[in-house]
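Reader: Can you walk me through this one? I'd like the overall picture, then the RNA side, then a few single residues.

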Amino acid sequence: MHLANKRMMELQQLLEKEVIAAVKELFNADLPSVEFQPTRKDFEGDVTVVVFPMLRVVKGNPVEIGNKVGEYLQKNVAEITKFNVVKGFLNLVVSNSYYLEFFNGMVANPTFGYATGSSKDAVMVEYSSPNTNKPLHLGHIRNNLLGYSVAEILKAAGHKVYKTQIINDRGIHICKSMLAWQQFGDGETPESSGLKGDHLVGKYYVAFDKAYKAEIEQLIAKGKDKETAAKEAPLLSAAQEMLRKWEAGDKEVVALWKKMNGWVYEGFDTTYKNLGVDFDTLYYESDTYLLGRDVVKDGLEKGVFFKKDDGSVWIDLTDEGLDEKIVLRSDGTAVYMTQDIGTAIQRVTDFPDINGMVYTVGNEQDYHFKVLFLILKKLGFTWAEKLHHLSYGMVDLPSGKMKSREGTVVDADDLMDNMTNTAASISEELGKLEGYSKEEKQSLYKMIGLGALKYYILKVDPKKRILFNPEESVDFQGNTGPFIQYTYARIQSILRKAQLVGSETVSPSLELHEKEKELLKQLEMFPIKIEEAAQAYSPALIANYTYDLVKEFNSFYQQVSILGEADEDIKKFRVLLSKKVAEVIKNAFRLLGVAMPERM
RNA sequence: GGCCUCAUAGUUCAAGGGAUAGAAUAGAAGUUUCCUAAACUUUAGAUCCAGGUUCGAGUCCUGGUGAGGCCA
């Protein structure tokens with residue numbers, strides 16, 4: 001743990017010890033723990049002790065108790081200079097020198113807040129995991145941003161992390177695209193059409209659906225009912241036949257499958273690159289879809305599973321308040337659960353140091369993962385205790401749910417382009433970028449546009465659903481990514497002019513402006529926030545923390561002059577403080593995958 | 001039908017059981033001879049309903065209502 005981090009922990013710990021000692025001495029009572037909170041803005045003070053919980057061991061008036069404890073602390077703890085009691089809240093004023101020493105302790109550390117070294121468990125974080133029959137859409141964007149960000153947060157909190165995805169590269173869906181391309185494609189390729197590979201394949205997936213629906217209509221016109229028509233349509237049978245051939249290893253089908261998946265991967269790579277996400281290792285369903293069956297056999301012998309009369313294998317989870325769940329069909333074929341069991345075990349085999357996995361998958365799969373984790377626990381894997389489903393809400397449009405087959409999706413590539421264009425037009429209008437080349441401008445627009453999009457999505461609690469209105473949703477003013485980037489850019493402008501020289505420490509006896517102290521308190525929180533975000537798997541905590549910090553800085557920036565300050569010591573402190581604020585902003589947003597511009 | 005989430009200003013989001021529920025947007029009003037006005041300052045506006053637990057409930061429990069999802 002870094003020095004500055006330790007210091008802050010020490011203050012809380014020290015205060016806790018002192019409060020307990022105070023209660024012992026003043027009231028001869030044993031306090032099990034002390035409740036702290038940051039003092040609210042409307043009151044004087046920095047740290048607040050909540051008196052109410054003490055009433056369980058000390059009889060009396062909370063205000064009187066608070067006052068007595070306050071007097072004790074003021075007398076015995078050097079860091080406490082003043083106190084006041086409001087109702088049952090003991091507000092403590094912490095000395096400026098404490099905060100300035102904290103500042104001196106962190107000022108030279110460019111990665112303040114990040115854990116040093118990887119002392120915690122290695123964790124595998126799975127996210128994205130697309131099907132290879134269509135391009136990525138807005139829902140994938142939320143998934144990718146969340147997964148990537150949680151992985152980065154876990155790293156910052158001291159975990160070793162493997163980022164992975166399981167690519168759903170086999171199955172009926174990809175056969176549909178393949179079949180449609182074969183029948184209507186006329187040899188079209190990404191090169192010949194100028195379409196991105198994933199979009200090209202997606203086009204044929206839609207084409208399949210259209211033709212399939214037409215066939216159904218025809219069959220219905222011939223007197224079939226809807227269900228039989230859907231089952232008997234020749235296109236569907238052909239797709240199913242293709243899947244059988246694929247599973248049998250038919251050369252022609254496999255070659256086509258490889259070609260079209262290759263197009264899709266190229267397209268995905270571009271999207272991932274634009275989105276700024278990456279992976280350490282990949283899993284393909286075509287490699288893993290047969291896994292898990294041996295484990296089911298073992299589980300049967302161990303009595304974890306049981307066999308029904310028809311030969312299908314089940315697990316009984318009624319004791320856990322769930323129901324019975326099938327793990328192998330009567331014909332011996334696998335279900336999703338079988339694969340997932342096998343894949344989880346495979347991963348631990350591949351990366352023996354991992355102790356914990358995070359699955360970034362939408363909340364419609366809550367039940368599936370509950371069951372999966374329970375099964376793995378019952379099978380006796382110790383790491384099964386440390387599995388986590390990072391469940392998140394759907395992204396809905398004002399028009400309702402996104403359905404790729406019906407074309408009511410917000411395409412990931414289009415959306416990123418739109419955001420970049422919006423950023424460009426706002427920037428051009430403001431016209432602050434003289435001296436920037438075309439390329440520099442373009443990369444800046446992208447940084448801002450994506451910053452807006454990423455922040456917009458990540459600031460929301462993952463479990464809540466998002467209603468996304470493409471026209472109005474993503475803003476560039478107020479509580480937004482660009483607002484935070486702008487603050488960073490302004491600080492960089494100051495730093496360019498300031499020309500720092502000499503040692504980077506300040507005198508602990510400096511007078512502190514109210515805003516400066518607030519900023520120091522905010523900075524002090526950063527390591528704790530990372531820890532909280534890691535435990536809650538919530539990038540939203542980082543986003544909101546950064547926003548609070550930036551808000552505070554803008555207020556400071558408006559109220560006091562940094563470069564115009566006459567006193568050299570104070571000026572130096574303010575410049576250094578601004579620099580550290582910028583660094584923390586940058587390091588915090590790095591955890592969200594958002595980059596910071598030097599100018600904007 | 002069974003189970004799982006969610007419900008906070010007009011709108012989009014905050015609030016580890018703690019003080020007078022914070023922001024942003026949209027609305028009203030102000031701040032450019034001064035470090036980037038994508039900023040700052042002021043103003044008005046909200047906890048779905050009914051019970052319960054608690055010194056204290058937006059937060060926990062029960063029952064409704066509404067939205068979404070999963071399982072047949």
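Author: We'll go from the whole chain to the RNA strand and then to single residues.

Author: One thing up front: this is a predicted model.

Reader: Noted. What does the secondary structure of chain A come to?

Author: Chain A has 20 helices and 14 strands.

Reader: And what box do the C-alpha atoms fill?

Author: Roughly 90 × 65 × 45 Å, taken along the principal axes.

Reader: How much of chain A is buried?

Author: Buried residues make up 52% of the 600 residues.

Reader: And the surface? How much belongs to carbon and sulfur atoms?

Author: The accessible surface of chain A is about 28,200 Å². Carbon and sulfur atoms hold 49% of that.

Reader: What about contacts between residues 24 or more positions apart?

Author: They account for 74% of the contacts in chain A with a separation of 6 or more.

Reader: Charges next. How many positive and negative side chains?

Author: Chain A carries 74 positive and 85 negative side chains. The centres of the two sets lie 1 Å apart.

Reader: On to the RNA. Which residues come nearest to strand B?

Author: There are 50 residues around RNA strand B. Lys432, Asp461, Tyr486, Tyr557 and Val560 come nearest.

Reader: How much of the RNA side of that is sugar and phosphate?

Author: Of the atoms of RNA strand B that come within 4 Å of the protein, 61% are sugar and phosphate.

Reader: Give me some polar pairs. Which atom of Asp461 pairs with a phosphate oxygen?

Author: A polar backbone atom of Asp461, at 2.5 Å from a phosphate oxygen of RNA strand B. Arg40 uses its side chain: an N or O atom there is 3.3 Å from a phosphate oxygen of the strand.

Reader: And Tyr557? What part of the RNA does its backbone meet?

Author: A base nitrogen of RNA strand B, 2.3 Å from a polar backbone atom of Tyr557.

Reader: Which elements give two or more residues to the surface near the RNA?

Author: Two strands and three helices are listed: strand 1 (36-38), strand 4 (89-94), helix 15 (412-430), helix 17 (481-498) and helix 19 (539-559).

Reader: Which one gives the most?

Author: Helix 17, with seven residues.

Reader: Single residues now. Where is Glu516, and is it buried or exposed?

Author: Glu516 sits in helix 18, residues 514-536. Glu516 counts as buried because its relative accessibility is 1%, under the 20% cut-off.

Reader: A buried Glu. What is Glu516 in contact with?

Author: Leaving aside neighbours within four places in sequence, Glu516 contacts Glu511, Phe556, Phe573, Arg574 and Leu577.

Reader: Now Ser177. Buried or exposed?

Author: Buried, at 0% relative accessibility. Ser177 is in helix 5, residues 172-184.

Reader: Which residues does Ser177 touch?

Author: Beyond its neighbours within four places in sequence, Ser177 is in contact with Asn133, Val201, Tyr204, Tyr205 and Met260.

Reader: Switch to Ile65. What surrounds it?

Author: Ile65 is part of helix 2. Ile65 is buried, with a relative accessible area of 3%. Sequence neighbours within four places aside, its contacts are Phe27, Val51, Met54, Leu55, Val58, Lys59 and Gly60.

Reader: And how far is Phe52 from Ile65?

Author: The two are 9.6 Å apart, C-alpha to C-alpha, and 13 residues apart in sequence.

Reader: Lys59 was among those contacts. Why does Lys59 count as exposed?

Author: Because its relative accessibility is 73%, and exposed means over 50%. Lys59 lies in the loop between strand 2 (47-50) and helix 2 (62-76).

Reader: How far is Lys59 from Thr189?

Author: Their C-alpha atoms are separated by 81 Å, with the two positions 130 residues apart along the chain.

Reader: Last topic, backbone. What is the phi of Asn28?

Author: About 55°, so positive, though Asn28 is not a glycine. Most residues other than glycine have a negative phi.

Reader: Where does Asn28 lie, and is it buried or exposed?

Author: Asn28 lies in the loop between helix 1 (3-27) and strand 1. Asn28 is exposed, with a relative accessible area of 61%.

Reader: And what about the phi of Ser128?

Author: Ser128 has a positive phi of about 75° and is not a glycine. Ser128 is in the loop between strand 5 (122-126) and helix 4 (138-156). At 4% relative accessibility, Ser128 counts as buried.

How values were computed: Residues numbered from 1 in each chain as written. Chains lettered and ligands numbered in written order. Predicted model: local features only at pLDDT ≥ 70, side-chain atom pairs only at ≥ 80, totals over all residues. Heavy atoms only, no water. Helix = DSSP H or I, 4+ residues; strand = E, 2+ residues; numbered from the N terminus. Buried < 20%, exposed > 50% of the residue type's maximum accessible area, 1.4 Å probe, protein only. Contact = heavy atoms within 4.5 Å. Areas by Shrake-Rupley, 256 points an atom, 1.4 Å probe, with all protein chains shown as cover. Lys, Arg positive; Asp, Glu negative; His and termini not counted. Charge placed at Lys NZ, Arg CZ, Asp CG, Glu CD. Near = heavy atom within 4 Å. Polar contact = N/O pair within 3.5 Å; in protein donor to acceptor, adjacent residues only side chain to side chain.
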